[in-house]
Amino acid sequence: MPKPLSLPFDPIARADELWKQRWGSVPSMAAITSIMRAQQILLGQVDAVVKPYGLTFARYEALVLLTFSKAGELPMSKIGERLMVHPTSVTNTVDRLVTAGFVDKRPNPNDGRGTLASITGKGREVVESATRDLMAMDFGLGVYDAEECMEIFAMLRPLRVAANDFEDAAPAAD
C-alpha cells in the first residue's frame, strides 16, 4: 500500500493554484493529476490484498478473464486485447501465472502460431479467494457509495470511447 503522505495541505490543489498563477486556469491539469494519484493509491491497495495469493492486480485480472471464458481458456492475443495491454505484458503475466501453477499454456490448435492459456483448478481457487477479499474492501473504493461508483464509471466512459477502446453503443442496462 502506498505510504500515506499526511501533508498539511492538498498538493494537487496547491499545484493547481501555482499553475493558475503561471499559465492560467487549466482544470484538466488538476483532474489528470488527481486521476493519476488515485490510480497509485488504488493499485497499491488492491495489490496489497492480492499479494498474499502470489498475485498482482494485473495477474488477478488475467485470471478473472479466464474464469469468464466459456472453456476457461483463451488465446494469448485475446487476453491482451481484452485486458488492453501489450503482447509482451500478456506473455510476462501469463508466464508468471504458469510458474505459480494458476494457468497452463499449450499450442492453439486453431492457430499454428498461437498459444492458449487455460486456468487451472488452483487458479480457480485463488481467484475466488482473492475476489472475496477485494470485494470485502470494495476494490479500494469504499469511500464512495454504489451510485457514486456508477457516476465515476459513466464520467470516464467518454474518455475510453474517444480512445477507441470499443465501439460506442448504449451502456448495458442494470
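Which helix does Gln40 lie in? Gln40 lies in helix H2, and that is where our tour of this predicted model begins.

**View 1. Gln40, a residue of helix H2.** With a relative accessibility of 45%, Gln40 counts as partly exposed. Try finding Lys20 from here: the two residues sit 20 apart along the chain, and their C-alpha atoms are separated by 25 Å.

**View 2. The whole chain, to get your bearings.** Seven helices and three strands make up the protein chain. Follow the sequence from start to end and you'll read the pattern α-α-α-β-α-α-β-β-α-α. The C-alpha trace spans about 60 × 35 × 35 Å along its principal axes. Out of 174 residues in the chain, 26% count as buried.

**View 3. The largest nonpolar core, a set of 25 residues.** Look for Leu55, Tyr60, Leu63, Ile79 and Val103, since these touch the most other members of the core. At least two residues of this core come from each of helix H2 (27–50), helix H3 (57–68), helix H4 (76–83), helix H5 (87–99), strand S3 (115–119) and helix H6 (121–136). Which element gives the most to this core? That's H3, with seven residues. As a bit of background, nonpolar side chains tend to be buried together in soluble globular proteins.

**View 4. Glu17 and Lys20, a salt bridge in helix H1.** The side chains of Glu17 and Lys20 meet here, at 3.4 Å from N to O. Both residues belong to helix H1 (residues 11–23), where they are three residues apart, about one turn of the helix. Glu17 is partly exposed, at 40% relative accessibility, and Lys20 is partly exposed too, at 35%. Keep an eye out for Asp16 as well: Asp16, Glu17 and Lys20 are linked in a network of salt bridges. In general, side chains of opposite charge can pair when their charged atoms come close.

**View 5. Lys78 and Glu81, a salt bridge in helix H4.** In this pair, the closest N and O atoms are 3.7 Å apart. Lys78 and Glu81 are separated by about one helical turn because they are three residues apart in H4. Is Glu81 buried or exposed? Glu81 is exposed, with a relative accessible area of 52%, while Lys78 counts as partly exposed at 28%.

**View 6. Arg157 and Asp168, a link between distant parts of the chain.** Arg157 forms a salt bridge with Asp168, and their closest N and O atoms are 3.0 Å apart. Arg157 is in helix H7, whereas Asp168 is in the segment after H7, 11 residues away. Arg157 counts as buried, with 14% relative accessibility, but Asp168 is exposed, with a relative accessible area of 54%. How many salt bridges turn up in a search of the whole structure? The search finds six.

**View 7. A negative patch on the surface.** Four residues form this patch: Asp145, Glu147, Glu148 and Glu151. Zoom in on Glu147, which is found in helix H7 (residues 146–162). Glu147 has a relative accessible area of 57%, so this residue counts as exposed.

Technical notes
Residues are numbered from 1 along each chain as its sequence is written. This is a predicted model: local features need pLDDT of at least 70, side-chain atom pairs count only at pLDDT 80 or more; totals for chains, interfaces and linings use all residues. Side-chain values use heavy atoms; hydrogens and water are left out. Patches are made of residues with over 30% relative accessible area and no salt bridge: like charges are joined within 9 Å, nonpolar side chains (Val, Leu, Ile, Met, Phe, Trp, Tyr) within 5 Å. Accessible areas come from the Shrake-Rupley method with a 1.4 Å probe; for residues, only the protein chains shown count as cover. Lys and Arg count as positive and Asp and Glu as negative; His and the chain ends are not counted. The place of a charge is taken as NZ of Lys, CZ of Arg, CG of Asp or CD of Glu. Helices (H or I, at least four residues) and strands (E, at least two) are DSSP runs, numbered from the N terminus. Buried means under 20% relative accessible area, exposed over 50%, partly exposed in between (1.4 Å probe, protein chains only). A nonpolar core is a set of buried Ala, Val, Leu, Ile, Met, Phe, Trp, Tyr and Cys residues joined through side-chain atoms within 4.5 Å.
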